[in-house]
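User: I'd like to learn how to read a pair of packed helices. Could you walk me through one?

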Amino acid sequence: NPRRPEHHCNEHSLLNLILYSKSIPIFSFTMCSDIGQASHCCVFYSAVGALFTLWCGVMIHTQPFFIAGLEDYEVAKSSAFGAFFAFVAVFLLSILVIFYDSNYKKEPIADDEAAEGYQLSRGDMPTYGTSS
């Protein structure tokens, strides 16, 4: 049970209410707790990053005069496209991890011997359309 720090500021009190409230589960502290969940997060992040850096690289290549503050256009263009390829590499690696995780993830079985003695119940079943 984490202790709430005492603050006199309303901003900190609201933050503490949000973080430590037990009735409103806003944050899940188990997000990205395994490699499959982390790779789903990375796929989204890297796709957005790749699109943004590709757009920046294209803008620097085609219309660098519209971007203020660039001293060396070639360095800026190579940095933007370098970041684009890094995001693409993370995206592809995350896709591979998602496929690996979905194909080779083993579900935990509560009791290995429980399935051996399992039978469907035959009693108290309605006899729709039978002669008995």
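Here we go through one helix and its partner.

Analyst: This is a predicted model, where local features need pLDDT of at least 70, side-chain atom pairs count only at pLDDT 80 or more, and totals for chains, interfaces and linings use all residues. Residues are numbered from 1 along each chain as its sequence is written, and side-chain values use heavy atoms, with hydrogens and water left out.

User: What span should the 28 residues of helix α2 have?

Analyst: Helices are DSSP runs (H or I, at least four residues), numbered from the N terminus. The expected span is 1.5 Å times one less than the number of residues. For α2 (residues 35-62) that gives 40 Å, and its end C-alpha atoms are 39 Å apart, so the two agree.

User: Is serine 39 buried or exposed?

Analyst: Buried means under 20% relative accessible area, exposed over 50%, partly exposed in between (1.4 Å probe, protein chains only). Serine 39, in α2, has 4%, so it's buried. Leaving aside neighbours within four places in sequence, serine 39 is in contact (heavy atoms within 4.5 Å) with Ser94, Val97 and Ile98.

User: What covers the buried residues of α2?

Analyst: The cover includes α3 (73-104). From helix α3, aspartate 101 is in contact with Ile35 and Gly36, again leaving aside neighbours within four places in sequence.

User: At what angle do α2 and α3 pack?

Analyst: Axes are lines fitted to C-alpha atoms, for helices over the stretch in contact, and angles run from 0 to 180 degrees between N-to-C directions. Here the angle is about 155 degrees, with the axes 7 Å apart. Angles over 145 degrees count as roughly antiparallel, so α2 and α3 are roughly antiparallel to each other.

Definitions and conventions
Helix = DSSP H or I, 4+ residues; strand = E, 2+ residues; numbered from the N terminus. Parallel < 35°, antiparallel > 145°, perpendicular 65-115°, else oblique.
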